[in-house]
Amino acid sequence: MTSSRTTGVADVATECAAVLDAVGTVLVGRQRSLRLALAAVLAGGHVLLEDVPGLGKTLMARSLAQALHLNFRRLQCTPDLLPADVTGSFLYDPTEREFSFRAGPIFTGLLLADEINRTPPKTQSALLEAMQERQVTVEGRTFPLPRPFHVLATANPVEYEGTYPLPEAQLDRFLVRLDIGYPPADEEVEVLRRRLVRQREDTEVPPVFEPTRLAELQAGVERVAVDEDVLRYCVDLAASTRAHPAVEVGASPRGALALVLVARALAVLDRREFVLPEDVKECAVAALAHRLTLRPETWTSGTTGVEVVTELLGKVPGPASSRS
């Protein structure tokens with residue numbers, strides 16, 4: 001476990017590489033999704049993992065929390081979950097003869113909201129203030145959340161019985177939305193082999209650095225330079241979603257900002273102090289696709305936000321990669 005306090009790009013990249021290696025000891029493959037999830041956390045954002053059950057979404061979230069040495073709480077979302085079950089509530093203390101606040105599971109470093117689309121909108125909305133303002137308000141009193149604070153939520157996109165679609169306002173609070181995908185056959189065999197060698201179901205990832213170190217690494221990412229032409233490329237990509245014929249509501253300026261923030265973190269992971277257009281392209285689908293509201297008539301054609309953003313990446317001209 002490192003105790004260094006330097007925050008140069010090389011130091012951030014080295015320690016984040018150690019995080020990826022540590023998580024890789026229990027999570028087979030998934031390098032792309034894991035890299036983008038770590039980049040989103042470095043950028044100070046929240047992550048939505050949306051894919052079918054059994055692909056390692058929960059394992060990824062728990063392993064990442066262990067490697068980053070964050071306090072970790074898991075919230076299993078169900079249809080009967082109430083907002084107070086998330087934020088906490090005031091309870092009467094007979095010994096003190098007064099009401100005292102008992103914090104809910106959201107008071108942690110990394111909250112895994114498992115199957116977030118199984119809980120009703122009223123409870124989903126309890127997360128909005130926490131995700132945006134890093135605070136919760138209960139009965140008129142505001143309580144700050146620990147720093148850093150991140151939400152990694154999972155959702156099952158193929159099951160509709162007993163689920164509630166996430167409102168656009170909450171989807172917009174997630175810096176990126178990632179899928180996991182089925183592993184290749186060789187990786188699936190490796191998953192089975194590791195389970196047999198481990199001789200137990202549980203996995204554990206050793207912490208890579210001290211609990212306060214993540215905030216220092218995030219501060220280091222803030223020093224990464226972004227050229228004016230890259231900023232305009234991010235704006236052009238976001239604006240192009242608003243003009244696409246399949247899109248009813250395109251990405252807002254928050255979408256363009258998401259491109260910049262995640263691209264900076266990806267540049268750091270590649271040991272660069274500046275952002276290239278390739279960094280923006282790498283995160284564009286993850287940062288923009290979930291922010292699009294498609295026209296109802298496009299549903300029958302099977303068009304998705306991912307396809308729209310992928311198409312636009314091939315059409316919107318970007319700046320040349322002048323730095324090396």
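User: Before we look at R291, what does "buried" mean here?

Analyst: Buried means under 20% relative accessible area, and over 50% is exposed, with partly exposed in between. This is a predicted model, and R291 has a relative accessible area of 8%, so R291 counts as buried.

User: Which side chain does R291 meet in a salt bridge?

Analyst: The general idea goes like this: side chains of opposite charge can pair when their charged atoms come close. Here R291 meets D172, at 2.6 Å from N to O. The two are 119 residues apart, with R291 in the loop between α12 and β11 and D172 in the loop between α7 and β9. D172 is buried too, at 16%.

User: Where does R254 sit, and how far along the chain is it from D172?

Analyst: R254 is in helix α11, 82 residues from D172. Those side chains form a salt bridge at 2.8 Å, N to O. R254 comes out as partly exposed, at 31% relative accessibility.

User: How many salt bridges does the structure hold?

Analyst: There are 19. Some of them join up: R35, D270, R272, D279 and E282 are linked in a network.

User: Now the sheet. What is the strand order?

Analyst: Read across, the five strands of this open sheet go β2-β5-β8-β1-β9, with parallel pairing. β2 and β9 are at the edges with a single partner strand each, so one side of each has no neighbour in the sheet. On average, neighbouring strands are turned by 20° against each other, direction ignored.

User: What joins β9 to β1?

Analyst: Three bridges do, and L48 stands opposite R177 in β9.

Technical notes. Residues are numbered from 1 along each chain as its sequence is written. This is a predicted model: local features need pLDDT of at least 70, side-chain atom pairs count only at pLDDT 80 or more; totals for chains, interfaces and linings use all residues. Side-chain values use heavy atoms; hydrogens and water are left out. Two strands pair if DSSP finds at least two bridges between them. Helices (H or I, at least four residues) and strands (E, at least two) are DSSP runs, numbered from the N terminus. Axes are lines fitted to C-alpha atoms, for helices over the stretch in contact, and angles run from 0 to 180 degrees between N-to-C directions. A salt bridge is a side-chain nitrogen of Lys or Arg within 4 Å of a carboxyl oxygen of Asp or Glu. Buried means under 20% relative accessible area, exposed over 50%, partly exposed in between (1.4 Å probe, protein chains only).
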